[in-house]
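Reader: Hello! I am new to this structure and would love a close look at one part of it, the helix packing. Could you take me through it slowly?

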Amino acid sequence: MDPLHSIIITLFLFVLTFFNPGANLFIVVQTTLSSGKKAGLTCGYGVVLGNAIYSGLGLFGLVTLMSEFGSLFSLIKILGGLYLFYYAITVFKNRTQLNLSTENIVESFPSGVYFRRGVISDLSNPQTVLFFMSIFSTTISPSTPLWTKLVIWFGIIIASLIWRIILCQTFSMTSVRRMYSRIHKIVGKAVGIVLGTLASRLIYQGVTELVVKR
């Protein structure tokens with residue numbers, strides 16, 4: 001496959017994953033709705049960093065870290081899962097009284113909290129590396145030039161960033177926020193259940209892997 005086709009197909013396959021709802025999407029959207037566009041973007045930047053790290057691991061052949069330090073990645077799953085589970089409980093309880101139709105933001109934390117939330121959300125699933133590897137195995141070969149890999153890597157980062165900006169822009173619209181202000185408790189419980197389920201699965205996978213390796 002020539003370099004141009006490798007770039008186009010890899011980025012196309014990556015963009016398709018945006019339409020598969022996961023913890024990253026729910027967390028960025030929920031943060032935007034509850035804390036505003038700036039907070040959502042900051043959270044999104046954390047997710048982008050996670051994508052950059054894991055796509056880099058897969059793209060530049062560092063996936064061997066998965067086998068050499070498998071226990072570390074299992075521990076990451078457990079710790080990340082615990083954090084997501086804690087966040088899920090917080091969202092499920094949803095005690096914040098929102099009045100978003102008047103642009104007042106009640107839930108507000110330091111930017112570092114939102115950024116950390118996004119990073120942990122993405123890095124808590126090391127299987128993302130394997131996902132990237134599955135894409136790269138069909139679009140990249142040993143003869144693929146380094147510049148092509150760098151273009152793909154930056155393309156993944158830019159595409160991930162643009163998608164988070166679109167999400168935050170959409171869910172920060174006044175009409176959307178007004179609707180959310182009416183049903184935020186119901187949405188919070190639904191998102192909390194979804195995130196709790198994803199977190200539980202991560203914890204289970206991490207604990208199972210550690211037990212098997214022993």
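Author: Happy to; here is a walk around helix α8 and its neighbours.

A word on the source before we start: this is a predicted model, in which local features need pLDDT of at least 70 and side-chain atom pairs count only at pLDDT 80 or more, while totals for chains, interfaces and linings use all residues. Residues are numbered from 1 along each chain as its sequence is written, and side-chain values use heavy atoms, with hydrogens and water left out.

The protein has nine helices and zero strands; here helices (H or I, at least four residues) and strands (E, at least two) are DSSP runs, numbered from the N terminus. Of its 214 residues, 43% are buried. Buried means under 20% relative accessible area, exposed over 50%, and partly exposed in between, with a 1.4 Å probe and protein chains only.

Helix α8 covers residues 146-171. Helix α1 (residues 3-16) has an axis that comes within 10 Å of that of α8, and the two cross at roughly 25 degrees. That makes α1 roughly parallel to α8. Axes are lines fitted to C-alpha atoms, for helices over the stretch in contact, and angles run from 0 to 180 degrees between N-to-C directions. Angles under 35 degrees count as roughly parallel, over 145 as roughly antiparallel, 65 to 115 as roughly perpendicular and the rest as oblique.

Helix α2 (residues 23-35) also packs with α8, at an angle of about 40 degrees and with the axes 9 Å apart. That makes α2 oblique to α8. The crossing of α2 and α8 is right-handed, and α1 passes α8 in a right-handed crossing too. A crossing is right-handed if the near helix is turned clockwise from the far one by less than a right angle, and left-handed if anticlockwise.

From α2 we can step on to α6: their axes come within 9 Å and cross at roughly 165 degrees, so α2 and α6 are roughly antiparallel to each other. In α6 (residues 111-123) sits R116, which is partly exposed, with a relative accessible area of 43%. R116 and G44 are 72 residues apart in sequence and 10.0 Å apart in space, C-alpha to C-alpha.

Back on α8, let us finish with F154, which lies in that helix. F154 is partly exposed, with a relative accessible area of 45%.
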